[in-house]
Amino acid sequence: MKIVHLANWNSTNIGNGALIYGTERVISEDFSEQVEFLPEAWDDYTFKKKFFDEDFVDLVNSNADALLINGAVTFNAYRRSYTATGMRFNLPLELWDKINKPIIFYGVSYRCWPFQKYPNREAFKAMLVKATTDKKVFFCVRNDGTKEWIAKNFGIDSEHVHEVPDPGLFVPASNLEYPELHETKKNVIISFNGEDPMHRFATVFEKTVIRVLQNVVDPARLDRFLNRFGLYRLERDRIIKEIVRAVEGISKEIDTQFILVPHYLDDYGMIQRFIELVREHIAHQCIVSTGLVGVPHTAYFYGRYAKADLAISMRVHSMSPSIGLGIPVVPITSQGRMRNFLKKAGLSDIAVDVSEKGFGDTLQSMSISLLKDPSSFKNNVAPKVEIMRERYKVMNAQIEAFIGKNS
């Protein structure tokens, strides 16, 4: 079976790699028929190197048994040019009818803050109706609140909106040597998340201004206006200071090597500020940093996680791969998608939330406990990962049957 796999193959945001290779792994393991994936770089369409047109339809019809649309933040409120469908798969609906192979949306997700207006709403709703009623479309979202977001904001509450856990749980990891991991110290990975700072770290004032004015003021102009005040930077600094306090407390009690692991360029600003705030002797003797790699090096990237003693994770795709790999992790939640995933997985108790005043104390105590005795964490998490893996087996059986019926 040949499947065109539309995903962010050329991205340097490694979370895309977790989604891509986690997806390919579970499908390959679960399908009864051998699968050949034909990679098609979605990001080339995002940045207008290619276009969703008749040529794309011909690509699918001529080469594959199905089209798999996977990963990335498919429903993205920051991309306002998707007038055909209101989402990153911006193929006009009339051309969907010309694709004579089944179309599989597989664990797709959203990127829209609660106080943020979603652009091209009517086009997006028309797409949702099409995706949930067309008999050759299998529409499956990630279990991070995307299904509930669609129902609440667009009134589409359908049994045809299927749901699977984050594919990043099942990312492959290489068994290699990593010089940044210390041989005798405990190794703690820290992933910051500097993405969408104005919305992620927005104060009550900024949330109110955005909610009220975005209907009458161009969003880009509104962003420039709020950036002059920069109140969100104070909230970001508060969060970084709490992490600094936790790191300094961990370092006093346990001989630790902290590895700062950016997942994308957005994270470097928070890393720089963290280094400015942490005690000099810790920065000088106990902290190293890694760099970015592209999607083809995903297994190498997550091999480092697999060998660590603990991950402190602001990034979704630091959190879910750690859980899947069985690595103790303390998620620092700053968005609904992380909270929803953890709640549905029955793992809300492993996280600390940035809204908690003085959360650095909780982060410190949880981290020290996990470094001293990771067994309870692993015993708690492993059965829940197995449950999520079983859900994939059920869903993949449905999808394979769907492809067979519609090819």
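Two strands pair if DSSP finds at least two bridges between them. The model used in these exercises is predicted.

**Exercise 1.** Find which residue is the bridge partner of Cys-140 in strand 8, and place that strand in its sheet.

Solution.
Step 1. Strand 7 (residues 137–142) and strand 8 run parallel and are joined by four bridges.
Step 2. Within strand 8, His-162 is the bridge partner of Cys-140.
Step 3. The open sheet has six strands in the order 2-1-3-5-7-8, with parallel pairing.
Step 4. Strand 8 (161–164) is an edge strand, as is strand 2 (36–41), since each pairs on one side only.
Step 5. From one strand to the next, the twist averages 25°.
Step 6. Helix 17 (residues 375–406) packs on this sheet, and strand 7 and strand 8 are among the strands that the helix touches. The direction of helix 17 makes about 165° with that of strand 5.

**Exercise 2.** Determine which residues stand opposite Ile-189 in strand 10 and in strand 12.

Solution.
Step 1. Strand 9 (residues 186–191) is parallel to strand 10 (residues 256–260), with five bridges between them; here Ile-189 faces Ile-259.
Step 2. Strand 9 also pairs with strand 12 (residues 310–313) in the parallel sense, over four bridges; here the partner of Ile-189 is Ala-311.
Step 3. Five of the six residues of strand 9 are buried.

**Exercise 3.** Decide whether Asn-8 is buried or exposed.

Solution.
Step 1. Asn-8 lies in the loop between strand 1 (2–7) and helix 1 (14–30).
Step 2. Buried means under 20% relative accessible area.
Step 3. The value for Asn-8 is 10%, so Asn-8 is buried.
Step 4. Residues touching Asn-8 include Trp-42, Arg-88 and Val-295. The side chains of Asn-8 and Asn-16 are joined by a polar contact of 3.2 Å.

Technical notes:
Residues numbered from 1 in each chain as written. Predicted model: local features only at pLDDT ≥ 70, side-chain atom pairs only at ≥ 80, totals over all residues. Heavy atoms only, no water. Helix = DSSP H or I, 4+ residues; strand = E, 2+ residues; numbered from the N terminus. Buried < 20%, exposed > 50% of the residue type's maximum accessible area, 1.4 Å probe, protein only. Polar contact = N/O pair within 3.5 Å; in protein donor to acceptor, adjacent residues only side chain to side chain. Contact = heavy atoms within 4.5 Å. Axes fitted to C-alpha atoms, helices over the stretch in contact; angles between N-to-C directions. Lists of a residue's contacts leave out its neighbours within four places in sequence.
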